[in-house]
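I opened this one to look up sheets, helix packing, a chain contact and a few single residues. My notes follow, in the order I checked things.

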Amino acid sequence: MTETTRPGTGFSRVKVDAFEDVPEEPGSPKPDPILVADGITRRFGGLTAVDVDHIEFQRGVITGLIGPNGAGKTTLFNLLTGFDKPNTGVWRFDGREVRGVSAHKVAKMGMVRTFQLTKALSRLTVMDNMKLGASGQVGEKFFSSLIPPRWRAQETANEAKAEALLERFNLTHMAGEFAGSLSGGQRKLLEMARALMVDPQLVMLDEPMAGVNPALAQSIVGHVQDLAAEGLTVVFVEHDMDVVRTISDWVVVMAEGRVIAEGRHSSIVADSRVIDAYLGRHHGTPITEADEAQILAEAQAEIEAEERAREEEGA
Amino acid sequence: MNWENIFSNALESAIGRDAMVYALAAVGLNLHFGYTGLLNFGQVGFMAVGAYGVGISVIEFGWPLWAGVLVGIVAATMLALVLGVPTLRLRADYLAIVTIAAGEILRFIFRAAEFRDFTGGSNGINGFAGDFNDANPFSNGQYGFWIVKFSETQIWVLTVGWTLVLLSVLLIWALVRSPWGRVLKAIREDEDAVRALGKNVYAYKMQSLIVGGVIGSFAGMMLALSAGSVQPDNYGTATTFFAYVCLLLGGAATIWGPVVGSMLFWLIMSFTENMLRQAVDNDYIPDSIMTGTQVGQVRFMLVGLLLVLLMVFRPQGIFGDRREIAMTTR
């Protein structure tokens, strides 16, 4: 059982209990999944970046997606949000088919992402960054935009909403500044706040704490927890295991494109497959000559198999 | 040295036909490049379809001028669609390559002997400004102020042209202060971020390309109507780059930048040329250094030098905000 440090408990209790009957196995079914993906593969030439048989993300909780560098976490994010197209696979968001839907429509459906390399719109003010996020704006239509009375009221409402969010993310004092003048951590905050302007059901945060100083990272942790407390579903990629332990209700581990383990944080860290993925199979025990010979033989066999396959392809 | 002559020529250029035409072209480019970040290197293509749209409609089909203008607008819209559909989904540099090529392809089509019946080949089309000149309310005489003088035909062209400039500037101003304009500016900064917020980036880029292109086509129409003729070789790639110079000189992504930039560019062009020419004629510059036939080239060197200095000391242009340039966009 994970220790949740979330404020306003009682709520969190219920949610964590959602996983009571869920087996801690890759691809395990969840009681109320918001996002279900099947048979997703993405190949870049000979490299299979993502190869996920089945995965479900539970609604209303915080799911951490972890894995060593190159595990395919960001690629999976790109695929699920329509920023990249998979070679195979189908997935459903909130019961609706998402495969082949373009990225902006995915966002409109309520699945909004942030980026690993923060995308603050530098030469727009922080307030404009925020107002851009609001959906269904009349003034964003070409002809309506020329008639201010048609969009002014909505603009004022969006501004009020943006102000409230900026207040919550401690960015009020920067509202009039160019987003390009924000620090790295403030940009992460801005990106999260901006994503909330869309009124999403599911936010997918790609490394929300990367390159942020510890104090600000702590505040981002708090914000992520607040999102879930409001009933949003959060999926996030993170490398800092302390953060993952603190805020995840559920953890999904990827390695070499596959989901290799799922479960509560406590069981994940004890899972031998996860330890192998992070530290290599032979960590802790010195490699004996016999092992070495076996590894070499395996590698040799692999190379031969590949060559054979190539010859067959060529023939 | 006849300084009055030099200054009156320079001032006339600053508000003259070329300044007006390039102001229109640059205002269109400003929406593309300044606000949306679209690298359109084929603005001249939009000018050409505007000019030929009027020319062919009036001379070959015998249509009235207003129908020709409409044809020019439709042609510019079609060109934007043809250029945009395949390239706007791709990275920005693809649009640059395709547009610069499209501009040249259009020029070659217009000057091709095969289409001489329609386009007049390399001679172009002449004599279609009848309707336009008939509408001239100015009676014979000279118009102007102080040392600036224009003929009645010139002043009519300038009145219509600068009115169009004013209207297009007004349109751009209204657009970019709206939420629509905010989306464009955001696309310029990072289109993936905009996509992630649920905006159809492709549609916005297309709208921007069409609006800026149509404004560009008005530049072509005014150039053609001012002389009552359209010559294919007036629509080479250099025209696009002059328009870019005007835009950067005044400041991209500013409301008045492209207009003032264009006026300043043609003022400098005229001033340097006339000054050099008179200096050579009066032997202030000996033939061993420069002859009269070299004035044209040396003039461009001086203008180039000025532009380099501008980029070094004022990279944001005249109206630009230095803080914006200092900001890394990515």
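**Entry 1: the four-stranded sheet**

I find an open sheet of four strands in chain A, in the order β2-β1-β4-β5, with antiparallel pairing. Before going on, I note that this is a predicted model, where local features need pLDDT of at least 70, side-chain atom pairs count only at pLDDT 80 or more, and totals for chains, interfaces and linings use all residues. Residues are numbered from 1 along each chain as its sequence is written, while chains are lettered from A and ligands numbered from 1 in the order in which they are written.

My strands and helices are DSSP runs numbered from the N terminus (E, at least two residues, for strands; H or I, at least four, for helices). Two strands pair if DSSP finds at least two bridges between them.

Which strands sit at the edges here? They are β2 (47–58) and β5 (96–97) of chain A, each pairing on one side only. I counted ten bridges between β1 (residues 33–44) and β2 of chain A, which run antiparallel. In that neighbourhood A:A37 stands opposite A:I55 in β2(A).

**Entry 2: the six-stranded sheet**

Chain A also has an open sheet of six strands, and I read its order as β6-β7-β8-β3-β9-β10, with mixed pairing. Its edge strands, each paired on one side only, are β6 (111–113) and β10 (258–263) of chain A. Neighbouring strands of this sheet are turned by 20° against each other on average, direction ignored. For angles I use lines fitted to C-alpha atoms as axes (for helices over the stretch in contact), with values from 0 to 180 degrees between N-to-C directions.

I then looked at one pair inside this sheet. Strands β7 (residues 202–206) and β8 (residues 233–237) of chain A run parallel and are joined by five bridges. A:M204 has A:V235 in β8(A) as its bridge partner.

What packs on the sheet? Helix α8 (residues 214–229) of chain A does, touching β3 (62–66), β7 and β8 of chain A, and its direction makes about 150° with that of β8(A). Contact here means that the C-beta atoms of two residues, placed from the backbone, lie within 7 Å. Helix α11 (residues 272–279) of chain A lies across β9 (250–255) and β10 of chain A, and runs at about 130° to β10(A).

**Entry 3: a helix pair in chain A**

The axes of α6 (residues 152–168) and α7 (residues 184–197) of chain A come within 10 Å and cross at roughly 145°. On α6(A) I list A:K161, A:A162, A:L165 and A:L166, which meet A:A193, A:L196 and A:M197 in α7(A). These contact residues divide into six nonpolar, no polar and one charged. My classes: Ala, Val, Leu, Ile, Met, Phe, Trp, Tyr, Cys and Pro are nonpolar, Asp, Glu, Lys and Arg are charged, and the others, Gly among them, are polar.

**Entry 4: chain B and its contact with A**

Chain B has 15 helices and four strands. Its radius of gyration is 21 Å, close to the 20 Å that the globule rule gives for 330 residues, so chain B is as compact as a globular protein of that length. That radius is taken over C-alpha atoms, and the rule is 2.2 Å times the number of residues to the power 0.38. The C-alpha atoms of chain B fill a box of roughly 65 × 50 × 35 Å along the principal axes.

How many residues of chain B are in contact with chain A? I get 26, against 30 residues of chain A. The largest share of that side of chain B, seven residues, comes from α9(B). By class, the side of chain B that touches chain A holds eleven nonpolar, six polar and nine charged residues.

**Entry 5: three single residues**

I call a residue buried if 20 or more other C-beta atoms lie within 10 Å of its own, exposed if 12 or fewer, and partly exposed in between, with C-beta atoms placed from the backbone.

- A:N213 lies in the loop between β7 and α8 of chain A, and counts as exposed because it has 11 C-beta neighbours inside 10 Å.
- A:Q154 lies in helix α6 of chain A and is partly exposed, with 16 other C-beta atoms within 10 Å.
- B:S226 is in helix α11 of chain B and counts as buried, with 22 C-beta neighbours inside 10 Å. Leaving aside neighbours within four places in sequence, B:S226 is in contact with B:R17 and B:V157.
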